[in-house]
Amino acid sequence: MAGAAGIAGLGGSLIGAAPASATQPGGTATAAPHGSTASAAVPGFPTFTYLGEPLDMASLRYNPNNEMIFPSIRGVAGRIVNPRARWYLYYAPHDNPGGICLAYGDSLSGKFTEYPGNPIISRSWSPHYSVSHVSSPHAYYNPADRHIYLYFHGENHTTRVARSADGINFQYVGTVVTTAQLPGDVSEASYARVFDHPTKPGMYIMLLMGNQAGSRKIFIGWSHSLTGGWKVKPDPLISPRAGEGTDLSGAHYWSRNGGGYVVHHSGSGNIHVTDVGVGFDRENHLGVLHAPRSGAPDDGRVAAPSFAEENGRLYMFYEAGRRSNTRIAVARA
């Protein structure tokens, strides 16, 4: 089983948190105009203030569509082989050809440097697959073998995994979930994130998006292995409610105050919180965790949150902007 640092929780370590002994070099992201803040509507949850963009989109060497989605931020100092910086940020274009990308930096509030060899995973990986695109990276660090397991989709009906000792050079492992494991009216199995089960040692959970009859919902899978044996519950864990539009995606699990919550995007453009319990046996929609700013880069839409902690402060990396014009942004609690 991965260690307790793998469980995302506001009261303790986050899945992306770096070792507490690491030092924090300076550097700041672009400041938010007028210090814009989106207020949390759910009591007891943090309020995040926009800090800026960790990537300079105009200078990216690999940027086929001028749109980047689904950030996954992970602390790697003291964990992987020869890290280039304290933090690794995985992200990807959405549209064809996609491609899993990496950037790195020494401060969550600073600018990140693009890895010069992007994409580190492309849409063709002989002899394993050749697809129109790969996207939605999620990095899980496993302290048991000191490897990063990277989950990504391509095509939309298939979630795959690769593993790496250095977070850059990956070995393909295989397919982990497809729509064949879901009801016949589900046409997508993508945007997956993996976490430790909150109460069952040695078990992992996967939160993924399934397009069921034209409405995207959050499904849950589980396995005792990061690389296979995944089973998926046929009924959705979370479905859209009034005010959330028709689509949900980008789900992230939080363990907080003894309870279990899923933070996710909705078609309304907001990031919401739903109480699912540690047994994943309920669905209480609690409200909006983070609402978008009207100006750039949010432009009325925020999605795909990924969390990390530095110097006792919680950061949220997220997807900002409207479809086909998305960027990666950072906010801090």
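# Briefing on a predicted structure

Tyr-253 is buried, since its relative accessibility of 0% falls under the 20% limit for that class. This residue belongs to strand E17. The model is predicted. The points below cover two open sheets, the largest pocket and three individual residues.

**The sheet E3-E4-E5-E6**

- An open sheet is built from 4 strands in the order E3-E4-E5-E6, and its pairing is antiparallel.
- Strand E3 and strand E6 (113-114) form the edges of this sheet; each has a single partner strand, so one side of each lacks a neighbour in the sheet.
- Strand E3 is nevertheless largely enclosed by the rest of the structure, because 7 of its 7 residues are buried.
- The pairing between E3 and strand E4 (residues 87-92) is antiparallel and comprises 5 bridges.
- Within this pair, Ile-69 is placed opposite Ala-92 of E4.
- Strand E5 (residues 101-105) is joined to E6 by 2 bridges, again in the antiparallel sense.
- Here Tyr-104 faces Thr-113 of E6 as its opposite residue.

**The sheet E13-E14-E15-E16**

- Another open sheet of 4 strands follows the order E13-E14-E15-E16, with antiparallel pairing.
- Its edge strands are E13 (190-196) and E16 (231-232), each of which pairs on one side only.
- Strand E13 runs antiparallel to strand E14 (residues 204-212), and 5 bridges connect the two.
- Arg-193 has Leu-207 of E14 opposite it.

**The largest pocket**

- The largest pocket holds about 430 Å³ of space.
- There are 24 lining residues, and those closest to the centre of the pocket are His-94, Tyr-191, Arg-216, Arg-301 and Arg-323.
- Classified by type, the lining consists of 7 nonpolar, 10 polar and 7 charged residues.
- Four strands are each the source of at least two lining residues: E3 (69-75), E13, E17 (248-256) and E21 (302-310).
- Strand E3, an edge strand of the sheet E3-E4-E5-E6, is thus named among the contributors to the pocket lining.
- Strand E13, an edge strand of the sheet E13-E14-E15-E16, is named among them as well.

**His-265 and its surroundings**

- His-265 is part of strand E18 (residues 259-266).
- With a relative accessibility of 6%, His-265 is classed as buried.
- The side chain of His-265 comes to 2.9 Å from the backbone oxygen of Val-302.
- Leaving aside residues up to four places away in sequence, His-265 touches Asp-247, Leu-248, Ser-249, Gly-250, Asn-270, Ile-271, Arg-301, Val-302, Ala-303 and Ala-304.
- One of these contacts, Arg-301, is also listed among the residues closest to the centre of the largest pocket.

**Asn-142 and Tyr-253**

- Asn-142 is found in strand E9 (residues 135-142).
- The relative accessible area of Asn-142 is 6%, so this residue counts as buried.
- Asn-142 and Arg-79 are 63 residues apart along the chain, while their C-alpha atoms are separated by 9.3 Å.
- Tyr-253 and His-197 are 56 residues apart in sequence, with a C-alpha to C-alpha separation of 9.6 Å.
- Strand E17, where Tyr-253 is located, supplies at least two residues of the lining of the largest pocket.

Definitions and conventions
Residues are numbered from 1 along each chain as its sequence is written. This is a predicted model: local features need pLDDT of at least 70, side-chain atom pairs count only at pLDDT 80 or more; totals for chains, interfaces and linings use all residues. Side-chain values use heavy atoms; hydrogens and water are left out. Two strands pair if DSSP finds at least two bridges between them. On a 1 Å grid over the protein atoms alone, a cavity is a set of points where a 1.4 Å probe fits but cannot get out, and a pocket is an open set with protein on both sides within 12 Å along at least five of seven lines; lining residues have an atom within 4 Å of a point. Grid points are joined across faces, edges and corners, and a volume is the space filled by probe spheres set on the points. Ala, Val, Leu, Ile, Met, Phe, Trp, Tyr, Cys and Pro count as nonpolar, Asp, Glu, Lys and Arg as charged, and the others, Gly among them, as polar. Buried means under 20% relative accessible area, exposed over 50%, partly exposed in between (1.4 Å probe, protein chains only). A polar contact is a pair of N or O atoms within 3.5 Å; within protein, one must be able to donate a hydrogen and the other to accept it, and residues adjacent in sequence count only if both atoms are side-chain atoms. Contact means heavy atoms within 4.5 Å.
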